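Okay, thanks for squeezing me in. Let me put the chain up on the screen, and then we'll walk through a few spots together.

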Amino acid sequence: MSELRFVHLGFGDEAVEYQEAWQKQREVHAARFAEEIEDTCLLLEHPPVYTAGRRTQDSERPLDGTPVVDVDRGGKITWHGPGQLVGYPILKLPRPVDVVAHVRRLEDALILTCAEFGLETSRVEGRSGVWVLGDPVDRRPAIGGLSLDFDPRLQDDEFDPRLNGPEYAPSNAGQRREDRKLAAIGIRIAKGVSMHGFALNVNPDNTWFDRIVPCGIRDAGVASLANELGRDITIAEVLPVLERQLREVLEHADLKPRVIEREAEKPREAEKATV
């Protein structure tokens, strides 16, 4: 992979509107495809906004009609806003693109970043992103006096945590000692070049996630570095660490195209004939 260039689009009072950043992504993507620039990672904060990937269901959107920006990335609905460090790595990848390997590299960089601040994070099988793992099920506090066997989120397909009080809110998953997502990942690959990327919760107001079903997951929640570490932490502190880890992981990645398994050639009719 080529040397990785970082571009700071705006933080804090200079946070970048989502649509503006999306257009910037398109421009950088086109330039990278044309080999006019090197691999580039845009880093920024957004003002509060909900964005929905292609797999988002209507039942996962805000109940109060809050506007949602539908985007061309994978994944489902999420929130971006102050206190969240967003990164859009726009990288040229070998074809056929191994999407899973690309996501794993982003997760590696985020996991290593969290470790530098003393927070152990992990992956969860079947769920992208970076997670803080909860306690074993038998050691978690009961929700509203219910045991896990009667947790409606697991037993009732029509149960909606947004209508059932703060004890089910995604932002309270830490108090329930459940798995909680610290960083979300949603990408798109077009013409062999990646777009979109990751969002790391540094010190946001996580109650914004309570209006939606974050990433379509009803039985887990969200976390932030500040809450998990129990201290104030800023994007300015995290930014150089994240850049260093992204550079280390992405620049030294052994990029290989996805292996395509081809169906074995069918035997010819003459070979199948019996004597």
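So, Pro 94: buried or exposed? Neither, as it turns out: Pro 94 has 26% relative accessibility, so it falls in the partly exposed class. For the cut-offs, buried is under 20% relative accessible area, exposed is over 50%, and partly exposed is in between, with a 1.4 Å probe and protein chains only. Before I go on, this is a predicted model, where local features need pLDDT of at least 70 and side-chain atom pairs count only at pLDDT 80 or more, while totals for chains, interfaces and linings use all residues. Numbering runs from 1 along each chain as its sequence is written, and side-chain values use heavy atoms, with hydrogens and water left out.

Back to Pro 94, which sits in the loop between β6 (84-90) and α2. Helices here are DSSP runs of H or I with at least four residues, strands are E runs of at least two, and both are numbered from the N terminus. If you skip neighbours within four places in sequence, Pro 94 touches Leu 255, Lys 256 and Pro 257, where contact means heavy atoms within 4.5 Å. From Pro 94 to Asp 108 you go 14 residues in sequence and 19 Å in space, C-alpha to C-alpha.

Now, on one side of that loop is β6. How many of the residues in β6 are buried? Seven of its seven, so to speak: the strand is mostly covered. Generally, side chains in a regular strand alternate between the two faces of the sheet. In β6, Gln 84, Val 86, Tyr 88 and Ile 90 point one way, Leu 85, Gly 87 and Pro 89 point the other way, and all are buried. As for partners, β6 pairs antiparallel with β2 (residues 40-44) over five bridges, pairing meaning that DSSP finds at least two bridges between two strands. Tyr 88 is the bridge partner of Leu 42 there. β6 also pairs antiparallel with β10 (residues 193-201), over four bridges, and Val 86 stands opposite Ala 199 in that strand.

On the other side of the loop is α2 (residues 99-116), whose axis comes within 9 Å of that of α6 (residues 235-251), crossing at roughly 140 degrees. Axes are lines fitted to C-alpha atoms, for helices over the stretch in contact, and angles run from 0 to 180 degrees between N-to-C directions. That makes α2 and α6 oblique to each other; under 35 degrees would be roughly parallel, over 145 roughly antiparallel, 65 to 115 roughly perpendicular, and the rest is oblique. Asp 108 from a minute ago is one of the α2 residues in this contact, and the α6 side includes Val 241 and Leu 242.

Then there's a separate topic, an open sheet of three strands, ordered β4-β3-β5 with mixed pairing. Its edge strands are β4 (68-70) and β5 (77-80), each pairing on one side only, and the twist averages 30 degrees from one strand to the next. β3 (residues 49-52) and β5 run antiparallel, joined by four bridges, with Val 49 opposite His 80. Helix α1 (residues 18-33) lies across β3, β4 and β5, at about 15 degrees to β4.

Zooming out, the chain has seven helices and eleven strands, and 49% of its 275 residues are buried. That's my tour, thanks.
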